[in-house]
Structures are given as structure tokens and as C-alpha cells.
Amino acid sequence: MAALWPAAHGTTAEVGRATVLVVLGSALLALSAKVNVPLPYVPMTMQTLVVLMIGAGCGARLGSITVMAYLAEGALGLPVFAGPVGGIAPLMGPTAGYLAGFVGAAFVTGWLSERGWDRSVSSLFAAMALGHVIILAAGFAWLAAGMNFGAEKAWVVGVVPFIVGSIVKTALGAALLPAARRHLDRD
């Protein structure tokens, strides 16, 4: 984001920039939830790609705040989740672990990006892959323990169907962000 919209100095300008980025990021997350493949317990969406792009593009703090704003919008009843659904149910049902994992994934991917991991496709791929692992681990843990699926069922319905998609989305995100940065640096 710094290349696209450099941070301004002064509290009002910084708050205004952050607010606009949070609103735009949470809107993009809501849109990415609508691109989904329904599965029995948890739909496959484009949200993980957007979460990781937000983290890598905005950094740890602003990226995780953006995801938390999105979750708050959903909790307040706005139809931002896959379906379209809003309210507390997605935050308590089978998708809860994944949604919570979004925050950690945005933070970690952003933190690594702030340390230069977003400068090459290979290092950004590693950062985003770690973000996907965080999301899948949180989803798995919630399904296994919170939803009482047990480890085997949680693995079969909560991780296996998402492995290939996670790899593809990681590769896509790792290619897009450095390409966008190179394009912006030329202008």
C-alpha cells in the first residue's frame, strides 16, 4: 500500500488513510466471500487470498485490523460472509475457526512482508503459505474440538478439500503482489 498510497504525516491524515484502507479491504473481503464453492461444512471462497493480500499489502497491524473490522461487520448482521450471511452464527459454527484464523494469517503475513518477504515471489509464497497454514490449522482445531468432529473428520472435511486451492491461491497472491509493486515502481 505504501507504493500505491504513501502514508501521510500527521494524525488526521494517517487516521483518514487507515480508515479508507480498512473500509476498502473489508469490502473486498465481503466480495471475495461471494465467490464460493459450497461444501458440506465450510465453503471454499476467495477470502483466504484476499486476507493474505491485505496482510502483505497493508502490514501486520493494518491488515489484521481490516480483517477484524470485516468480522465485526458480519457479527453486527451485515451479510458479508459466504452465503450471503451475517450475524453471529458463522462466528460460532463450522466456519468460526477459519474466520478467527484470518486475523492471525493477516498479521503474520503482514509482519513477514514488513521484513522484506514481499520483495520476491518465492519469499512471499512462503509467507502466504504460512498464512494459509494458520487459517487451516485454526479451522481444523475448531472443527475437531469446538464442533466435536474429532481429528479424523476435521482433517477430511476441514483441511483436505482446501489444500489444492490454498496452493493455487498462494501462488496467485505471491505472483500478483510483486508484479503490482514492479508496475507501480515504474510509474
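Here is a short back-and-forth on how the labels for this predicted model are earned.

Residues are counted from 1 along each chain as its sequence is written, and side-chain values use heavy atoms, with hydrogens and water left out. In this predicted model, local features need pLDDT of at least 70 and side-chain atom pairs count only at pLDDT 80 or more, while totals for chains, interfaces and linings use all residues.

Q: What makes a stretch a helix or a strand, and how many of each are there in the protein?
A: Helices are DSSP runs of H or I with at least four residues, strands are runs of E with at least two, and both are numbered from the N terminus. On that basis the protein has eight helices and two strands. Read from the N terminus, the order is α-β-β-α-α-α-α-α-α-α.

Q: Why is the protein called as compact as a globular protein of that length?
A: The radius of gyration is taken over C-alpha atoms, and the globule rule is 2.2 Å times the number of residues to the power 0.38. For 187 residues the rule gives 16 Å, and the protein's radius of gyration is 16 Å, so the label fits. The C-alpha trace spans about 50 × 35 × 25 Å along its principal axes.

Q: How do you know that the span of helix 1 agrees with its number of residues?
A: The expected span is 1.5 Å times one less than the number of residues. Helix 1 (residues 11–34) has 24 residues and should span 34 Å; its end C-alpha atoms are 35 Å apart, so the two agree.

Q: What about helix 3: which span is expected, and how far apart are its ends?
A: Its 16 residues should span 22 Å, and the end C-alpha atoms are 22 Å apart, which agrees. After helix 3 comes glycine 77, with a positive phi near 105 degrees.

Q: Why is serine 113 called buried?
A: Buried means under 20% relative accessible area, exposed means over 50%, and partly exposed is in between (1.4 Å probe, protein chains only). Serine 113 comes in at 6%, so it counts as buried. This serine sits in helix 5. Contact means heavy atoms within 4.5 Å; setting aside neighbours within four places in sequence, serine 113 touches Ala56, Asp118 and Leu124.

Q: Is asparagine 148 buried or exposed, and where is it found?
A: Its relative accessible area is 66%, so asparagine 148 is exposed. You'll find it in the loop between helix 6 (121–146) and helix 7 (150–158). Asparagine 148 also has a positive phi of about 60 degrees, although it is not a glycine.

Q: What makes alanine 13 partly exposed?
A: At 33% relative accessible area, alanine 13 is partly exposed. It lies in helix 1. From alanine 13 to alanine 145 it's 132 residues in sequence and 44 Å in space, C-alpha to C-alpha.

Q: Which elements do the buried residues of helix 1 pack against?
A: They pack against strand 1 (36–37), strand 2 (44–45), helix 2 (47–58) and helix 3 (60–75). Among the buried residues of helix 1 are Arg17, Leu21 and Val22. For helix 3, the buried set includes Leu62, Val67 and Tyr70, and their cover includes helix 1, helix 2, helix 4 (89–92) and helix 5 (96–117).

Q: How many of the residues in the protein are buried?
A: Buried residues make up 42% of the 187 residues.
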